[in-house]
Structure formats: C-alpha cells, structure tokens
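Please examine the model below. The paragraphs that follow lead through a helix, a sheet with its covering helices, and the nonpolar core.

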Amino acid sequence: MRDLLLIALYSFLGAAAAGLLGALALRALRHRSVAVSLTVVAVVSVVAMLAGTLAVARAMFLSSHDLTVVTTVCATAAVVSLATALLLGRWVVARSNALTRAARSFGDEGSFAAPGGGATAELAALGRELAATSGKLARSREREQALETSRRELVAWISHDLRTPLAGLRAMSEALEDGVAEDPPRYLRRMRTEVERLDAMVGDLFELSRIHAGALPLHPSRMSVYDLVDDALAGAGPLAREHGVRLTGDGVEAVPVEVDGKEMTRVLGNLLVNAIRRTPADGTVAVAAHREADTVVLSVTDGCGGIPEEDLPRVFDTGWRGTEARTPPGGAGLGLAIVRGIVEAHAGRAAVHNVPGGCRFEVVLPVAR
C-alpha cells in the first residue's frame, strides 16, 4: 500500500509540473489560433504522462532497458497525439475561416448562408444563429425601405394637399383685398373652411409624430364599449346625414375596457368618417362589438365595394390612399395610420377584411379585468 501511494505521489508531481508549464503556455498563446492551443494541449498530455512515468521509474530504479522502452512508447504516443492535434486544429481553423467569410456578407446587405460540410456542434450552432440574425436584418432592411417609401409618399402628398388650400386662401384674400369679391361673406366662410382643413391636417401630422416617437400620452380609464360606440356614432351623425348614409350600431355588447376615451373615440371617429365618405348614398355603415375570449372586437363595416387584395396589407401605412385622386375629401392618408398607432399603444391590433359589398375594419382590444 505504501509503494502504491508513493507511485501515485511521484506520478502526480511529475504530471502537475507539466500541467503548470502547459497552463502558462496556453495563457501566453491565448490570442493565437485554436490549432496552436490544441497542439499545446496534446503536448501537455504527453509530457505529463512522460514526466509521471519517468518520476516513478527513477523512484523504482528501473533498468535502463525498461526505461528506454517506456520512453519510446511515450515518444510514439507524443508523435501520434501531435499529428492528431494538428489535423484537428487545421480542420477547425478552416471551418472558422469559412464561417468568417460567409459572415462578411452582412456588411454588403447580403444574406448569410452557412458554409457546407461538417462542423463542430459549436460552429454549427454559431452558423444557425448567424443565419437567424441575417433573416432579422433582411426583414429590418425591408421595413426600413418600406418606411422610407411611405415617408417620401407622405411628403409628396402633404405638399400637394397643403398647396391646394393655400393657393385658394391666397386667391380669396387677394380678391377681398382688391375689392373684386362679389359676395365677401361667402369668401370668408370658404376661407374658414380651408383653414379648418389645414388645422386638421396639421393636427393629424402632430398626432402621428407623437405616435411614431412613442410619446403619445394615454390616460386610460374603465368604460364600456357601448359608451365609446355611442359617442362615436353621435359625432359622425351629421356627416352621415350629409352624405345620405345610414349609421347602425345595434350589435354592440356592453363589454368593459380600460382605454383612453378621447383617443379611442378618435379611432372610431376616423373609421366612421372613412367609411361614410366611401359608402354611396343610401348605403349603410354598421358598427358592432362583441367579446372573443379575453378581447373585444369592434368592427366598422361599410359599402365601399371592397379594397383590392394587393392593397390590403398597405391600408394602415402612413400616407396610403389607394388609387384615388389626391384631392379632398381624400385627406392626407393619415387617419388609418393614426388608428393603428393608437390601437397598438393600447396593446391591441387593427385589421381590415373584404366583405360582400364593402370591407370591415376591426379593432381588437384587451378586455378590462
């Protein structure tokens, strides 16, 4: 038993010395290639075994022949270990270099494709993560391009819509100033109408800028969907009578929600105004609300004849107005973008679907607890 303990002690001391030297070497070479690190690990393993063996051999006073045999065996193992470590290191380095070259496509707005061939589990996982990141970047670039396109369209459309009333105001003011206006009160009423249009457009732009900046102030309170719909219908009633459109709100359930009443009334008001203006005379605009699980679905159905399927995904984009002319009452194309922004600020979502004879705009909100 004592001899066995001594053998274990001598072999441990020899291996520990080799391991310490190997740790120092790995620290000094930690910034070098992984192939170098693998070679150092192989050398340390063989040297540790050789050091422990030689220490025990000297302590046991082995014959020179036996010591030569042991040393030869260790040297042969060292050669094989070093060759294996070098081959493995070169293979890992080659896979890493291929992965690096593939990742350079990120900077060129390209997509990432993991290099073919076998790879270690870690490199394969890294390749999958890079591919997922590449997909996210591609989608982000697409969203950025879409936003940039909508911004350009918005600037062009707003410029057009602002220029028209401003030109009218200028012409009417010059007519009044020169005394050539035959009916000054009519001119003044027309000027007031144009100013109100301009004020509404500027208000929509300000609201949309706060939504995009995440600075929309909300003051939620518990209320019934029935009250929200009732207020919206009362506000849209005069416009509906002017256009000869019937407003109905018979299918509204009294579901409690916790929302900012002012902002949500604006949402329903925008949807109703949009529906009334696009529904022909003697048509009907129906408002409904029902509960689905933990949400309430508010819907506004009009008789516009439907929206082309290719335009449905863009309905809530900033500045979108379809193929209609950019003239009043088309507006600046901000109403539905404001609707989506306000609804999403309430942790809800907005959607649109075609129905026979028209389309249905839906607002889904969480039910108040």
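Helix H5 covers residues 184-212, 29 residues in total; helices (H or I, at least four residues) and strands (E, at least two) are DSSP runs, numbered from the N terminus. The expected span of a helix is 1.5 Å times one less than its number of residues, so H5 should span 42 Å, and its end C-alpha atoms are indeed 42 Å apart. Its buried residues are Met-191, Glu-194, Leu-198, Met-201, Glu-207, Leu-208 and Ile-211, where buried means under 20% relative accessible area, exposed over 50% and partly exposed in between (1.4 Å probe, protein chains only). Just after H5, Gly-214 adopts a positive phi of about 70°.

The model is predicted, so local features need pLDDT of at least 70 and side-chain atom pairs count only at pLDDT 80 or more, while totals for chains, interfaces and linings use all residues. Residues are numbered from 1 along each chain as its sequence is written, and side-chain values use heavy atoms, with hydrogens and water left out.

An open sheet is formed by 5 strands in the order E2-E4-E5-E7-E6, with mixed pairing; two strands pair if DSSP finds at least two bridges between them. Its edge strands, E2 (246-252) and E6 (349-355), each pair on one side only. From one strand to the next the twist averages 20°. Within the sheet, E4 (residues 284-292) and E5 (residues 295-301) are antiparallel over 7 bridges, and Ala-288 has Ser-299 in E5 as its bridge partner.

Two helices lie across these strands. Helix H6 (residues 225-243) lies across E2, E4 and E5 and runs at about 170° to E2, whereas helix H8 (residues 335-345) lies across E6 and E7 (358-366), at about 25° to E7. Axes are lines fitted to C-alpha atoms, for helices over the stretch in contact (heavy atoms within 4.5 Å), and angles run from 0 to 180 degrees between N-to-C directions.

The largest nonpolar core (buried Ala, Val, Leu, Ile, Met, Phe, Trp, Tyr and Cys residues joined through side-chain atoms within 4.5 Å) has 49 residues, and Val-225, Leu-298 and Phe-361 have the most contacts inside it. H6 gives the largest share, 8 residues. Beyond its neighbours within four places in sequence, Leu-298 contacts residues including Val-225, Ala-288 and Phe-361.
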